Amino acid sequence: SLSAGASSHNKDILNVAHRGASGYAPEHTITSYKMGEQMHGDYIEIDLQMTKDGQLIAMHDETLDRTTNGTGQVKDHTLAEIKQLDAGSWFNEKYPQMAKPEYAGLKVPTLDEVFKTFGKNANYYIETKSPEVYPGMEEALLEKVNKYDIDKETLLVQSFSPASLIKMHDLDSSVKLVQLMEYTSPAAINDADINAVKQYAMGIGPNSDMIDKEYVQKVVNSGLEIHPYTVNEKEEMQKLIDWGVTGMFTNFPDRLNEVLKGK
Ligand code: G3P
Ligand code: CA
């Protein structure tokens with residue numbers, strides 16, 4: 001039937017646990033990543049920053065202020081200093097209805113710890129954040145990917161920076177790449193844009209709120225994947241699925257699975 005066809009197609013839509021299951025637990029903690037797996041997210045999304053002593057850590061912001069009890073730039077702090085910080089209590093304060101006592105005192109994970117915890121066969125969707133602030137970030141990422149023998153068939157690396165992705169591509173052309181886009185007005189994409197991205201990437205990740213059906217279908221018909229971010233409401237998830245997206249980033253991977261199952 002049509003609905004059976006639709007549901008088998010739905011299985012191919014990537015459910016990316018954005019910062020882990022960050023609607024339920026403090027973003028970019030081992031706890032939020034584990035919840036993403038438990039909720040059957042297909043991928044763990046990780047944003048990378050780099051410490052003063054060159055260690056890759058999982059954090060969204062360039063500064064410590066929002067998601068820890070520290071202050072200042074990540075690049076001005078050593079890993080030892082960052083390991084002293086509480087990366088969970090902010091969540092309990094900001095989202096009292098989701099708060100759990102065990103979130104207080106959670107630590108900022110290193111990429112090493114994430115790879116050790118989830119292993120080489122987990123699916124990682126890793127973003128080089130602010131690569132212009134962190135020279136050598138791409139080499140450091142690739143070194144860890146190789147050290148932990150992460151499966152490059154499934155690994156995805158994403159960035160807003162074309163230069164960072166082109167650098168990754170030059171370092172190791174077997175790593176699959178996704179070009180993030182941030183549109184501030186209704187998005188359009190032309191053949192030249194698509195062909196430029198296709199030189200190094202297998203997909204595009206636009207913000208979900210400025211794209212339309214035409215945009216999605218133009219990208220999909222070009223053979224590129226399209227994974228919009230960050231989609232938290234079931235109605236918007238269903239709309240994007242109907243338009244033909246091949247995946248999406250969500251803070252609520254359980255909700256997306258319900259939509260994909262037709263619930
Ligand atoms: O990586 C996809 C999406 O996460 C990009 O936005 O700011 O949440 O990293 P941001
Ligand atoms: Ca991200």
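**Calcium and ligand 1 in a predicted model**

In this predicted model, the calcium ion (ligand 2) is coordinated by E45 (OE), D47 (OD) and E127 (OE), at 2.2 to 2.3 Å.

Visitor: What spacing do the donors of the calcium ion (ligand 2) follow along the chain?
Guide: The coordinating residues are E45, D47 and E127. Read along the chain, their spacing is E-x1-D-x79-E.

Visitor: Is the site of the calcium ion (ligand 2) octahedral or irregular?
Guide: There are six donor atoms. Six count as octahedral if opposite donors are over 155 degrees apart and all others between 65 and 115. Here the angles run from 59 to 160°, and the site is irregular.

Visitor: Which residue has a polar side-chain atom 2.6 Å from an oxygen atom of ligand 1?
Guide: Take the contacts in turn. For E127, a side-chain N or O atom is 3.0 Å from a ligand 1 oxygen. For R19, the value is 2.7 Å. The 2.6 Å contact belongs to H18.

Visitor: How much of the accessible area of ligand 1 does the protein cover?
Guide: Ligand 1 sits in the largest pocket. On its own, ligand 1 has 280 Å² of accessible area. The protein covers 91%.

Visitor: How many charged residues are in the shell around ligand 1?
Guide: The surrounding residues include R19, E45, D47, E127 and K129. Asp, Glu, Lys and Arg count as charged. Beside four nonpolar and three polar residues, the shell's charged residues number five.

Conventions: Residues are numbered from 1 along each chain as its sequence is written. Chains are lettered from A and ligands numbered from 1 in the order in which they are written. This is a predicted model: local features need pLDDT of at least 70, side-chain atom pairs count only at pLDDT 80 or more; totals for chains, interfaces and linings use all residues. Side-chain values use heavy atoms; hydrogens and water are left out. A residue is near a molecule or strand if one of its heavy atoms lies within 4 Å of it. A polar contact is a pair of N or O atoms within 3.5 Å; within protein, one must be able to donate a hydrogen and the other to accept it, and residues adjacent in sequence count only if both atoms are side-chain atoms. Accessible areas come from the Shrake-Rupley method with a 1.4 Å probe; for residues, only the protein chains shown count as cover. On a 1 Å grid over the protein atoms alone, a cavity is a set of points where a 1.4 Å probe fits but cannot get out, and a pocket is an open set with protein on both sides within 12 Å along at least five of seven lines; lining residues have an atom within 4 Å of a point. A molecule sits in a cavity or pocket if more than half of its atoms lie within 2 Å of its grid points. Donors are N, O and S atoms within 2.8 Å of the metal (3.2 Å for Na, K and Ca); water is not among the atoms, so sites may look incomplete. Four donors count as tetrahedral if all angles lie between 85 and 135 degrees; four count as square planar and six as octahedral if opposite donors are over 155 degrees apart and all others between 65 and 115; anything else is irregular.
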